[in-house]
Amino acid sequence: MVAEIAPFHAIAISRLAHAMKAAGRSVIHMEFGQPSTGAPAAAIRAAHEVLETDGMGYWESVPLKQRIARHYDEAHGVAIDPEQVILTCGASPALVLALSCLFRPGDRVAFARPGYVSYRNTLKALYLDPVELGCGPAERFQITAAALDALDPAPAGLILASPANPTGTIIEPGELAAIAEACRAKGIRVVSDEIYHGLSYVGPVASMLEHVPDTLVINSFSKYWSMAGWRLGWLVVPPDLIGTARARMGNLFLTPPSLAQHAGLVAFDEHEELEGHLATYARNRALLLDALPALGLKRIAPPDGAFYLYADIGHLTDDSLAFCERLLKDTGVATAPGIDFDPVEGRRFMRFSFAVSTPLVEEAIARLTPWFAERTARVAA
């Protein structure tokens with residue numbers, strides 16, 4: 001049998017955007033969750049030095065594993081052994097490792113809808129049964145303990161994301177503790193996608209490890225560290241799963257790129273530069289939150305973290321994919337259709353990524369303003 005995997009529609013939008021750019025059009029890329037900045041300058045310098053002096057090969061950086069383990073102690077008060085850190089080729093392999101370590105084909109795994117498109121499709125690819133929990137404005141577009149309590153039978157697992165993609169919402173501390181208690185009571189294993197940690201506009205964000213010690217935690221250098229193309233991430237596993245995770249990593253993916261590991265170790269502590277990126281995202285967020293209501297986009301998920309705005313466009317369309325394609329062709333602004341993140345309600349939502357420069361956000365707003373005004377007037381007529 002072959003699992004049926006739906007396409008990632010934002011990739012098609014991006015292909016069209018790049019084709020337009022190649023044809024001479026001016027394009028603003030707000031379709032993907034990737035920083036427009038590069039890796040920290042010190043990390044790039046370190047990479048150049050390594051290229052000159054090290055032939056490289058299959059390698060797992062012990063110093064990087066140790067630094068990541070120290071991060072959990074410093075940031076979350078959680079002690080983990082560096083051997084619990086499995087270095088991966090980004091967050092996507094970490095998700096495959098986590099799910100394949102914990103579950104067997106046919107197991108039911110819950111997650112929020114809207115949610116990252118790859119949760120649903122990776123579960124399907126591994127012959128697991130996705131259990132999508134519809135989360136709207138009343139739940140701040142996030143999983144709740146009440147929703148888990150209502151599931152009968154309980155799922156085998158839960159994928160949690162806080163801050164979340166596509167909404168940027170963060171689970172409030174009391175609710176996160178309640179979710180942890182519900183999972184303990186029902187025997188639900190937790191996979192926590194913490195790839196957007198470090199990108200918060202409402203204060204510190206807790207790791208699920210603070211509540212559930214046997215959580216499998218996914219993270220990556222792609223977002224906060226601005227190193228998406230370096231393909232470097234990690235998975236934190238409980239001690240009893242170290243051997244299982246290492247076996248899967250070795251057979252499926254070998255090791256992450258050696259060059260990325262060298263650069264990642266240096267990047268980890270470049271706080272001043274990285275916090276400068278966060279300040280840029282905060283400015284961009286404020287600009288869009290001010291501008292979008294004037295465009296008629298008044299229903300927006302709470303953008304607590306990450307670098308996304310998830311907006312309801314139901315008053316203008318019930319086909320978000322066609323809407324985003326038309327927007328791109330007319331204005332050169334590439335965005336992501338909500339149908340990627342929510343196959344039920346997503347036809348009336350779209351996602352903006354504001355991980356670009358502030359001048360590009362300002363230019364995007366200038367292009368979007370007349371385009372949305374025309375469509376709003378057309379609907380009103």
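**Helix packing and sheets in a predicted model**

Good morning. I begin with two helices: α10, residues 271-291, packs with α12 at an angle of about 10 degrees, and their axes are 9 Å apart. The structure in front of you is a predicted model. An angle under 35 degrees counts as roughly parallel, and therefore α10 is described as roughly parallel to α12. On the α10 side, the residues in contact are Thr-280, Arg-283, Asn-284, Leu-287, Leu-288 and Ala-291. They meet Thr-358, Val-361, Glu-362 and Ile-365 in α12. Sorted by class, this contact has five nonpolar, three polar and two charged residues.

Helix α12, residues 358-380, also meets helix α11, residues 320-331. At what angle do the axes of α11 and α12 cross? They cross at roughly 125 degrees and come within 11 Å. The two helices are therefore oblique to each other, and α11 passes α12 in a right-handed crossing. From α11, the contact involves Phe-323, Arg-326, Leu-327, Asp-330 and Thr-331. Their counterparts in α12 are Arg-367, Leu-368, Trp-371, Phe-372 and Arg-375. This contact of α11 with α12 contains five nonpolar, one polar and four charged residues.

Helix α11 has a further contact, with helix α1, residues 9-22. Here the angle is about 15 degrees and the axes are 10 Å apart, which makes α1 roughly parallel to α11. The crossing of α1 and α11 is right-handed. Helix α1 contributes His-9, Ile-13, Leu-16, Ala-17 and Met-20, while α11 contributes Leu-321, Cys-324, Glu-325, Leu-328 and Lys-329. Seven residues of this contact of α1 with α11 are nonpolar, one is polar and two are charged.

I turn now to the sheets. As general background, strands of a sheet pair through backbone hydrogen bonds, either parallel or antiparallel. One open sheet has seven strands with mixed pairing, in the order β2-β8-β7-β6-β5-β3-β4. Which strands stand at the edges? They are β2, residues 85-88, and β4, residues 129-134. Each has a single partner strand, so one side of each is left without a neighbour in the sheet. From one strand to the next, the twist averages 20 degrees.

Within this sheet, β3, residues 108-113, pairs with β4 in the parallel sense over six bridges. Arg-113 stands opposite Gly-134 in β4. Helix α4, residues 91-102, packs on the sheet and touches β2, β5, β6, β7 and β8. The direction of α4 makes about 170 degrees with that of β7. Helix α3, residues 62-76, lies across β2, β7 and β8, and runs at about 120 degrees to β2.

Another open sheet is formed by three strands in the order β9-β12-β11, with antiparallel pairing. Strands β9 and β11 stand at its edges with a single partner each, so one side of each has no neighbour in the sheet. Five bridges join β9 to β12, and Ala-311 stands opposite Met-350 in β12.

I close with aromatic rings. A search of the whole structure finds 22 aromatic pairs. Why is the pair of Tyr-310 and Phe-341 edge-to-face? The ring centres are 6.4 Å apart and the planes are at 85 degrees, so the pair is edge-to-face. Tyr-310 lies in strand β9, and Phe-341 lies in the loop between β11 and β12, so the pair ties together parts that are 31 residues apart in sequence.

Key: Residues are numbered from 1 along each chain as its sequence is written. This is a predicted model: local features need pLDDT of at least 70, side-chain atom pairs count only at pLDDT 80 or more; totals for chains, interfaces and linings use all residues. Side-chain values use heavy atoms; hydrogens and water are left out. Axes are lines fitted to C-alpha atoms, for helices over the stretch in contact, and angles run from 0 to 180 degrees between N-to-C directions. Helices (H or I, at least four residues) and strands (E, at least two) are DSSP runs, numbered from the N terminus. Angles under 35 degrees count as roughly parallel, over 145 as roughly antiparallel, 65 to 115 as roughly perpendicular and the rest as oblique. A crossing is left-handed if the near helix is turned anticlockwise from the far one by less than a right angle, and right-handed if clockwise. Contact means heavy atoms within 4.5 Å. Ala, Val, Leu, Ile, Met, Phe, Trp, Tyr, Cys and Pro count as nonpolar, Asp, Glu, Lys and Arg as charged, and the others, Gly among them, as polar. Two strands pair if DSSP finds at least two bridges between them. Rings of Phe, Tyr and Trp (its six-membered ring) pair if their centres lie within 6.5 Å; planes under 30 degrees apart count as stacked, over 60 as edge-to-face and the rest as tilted.
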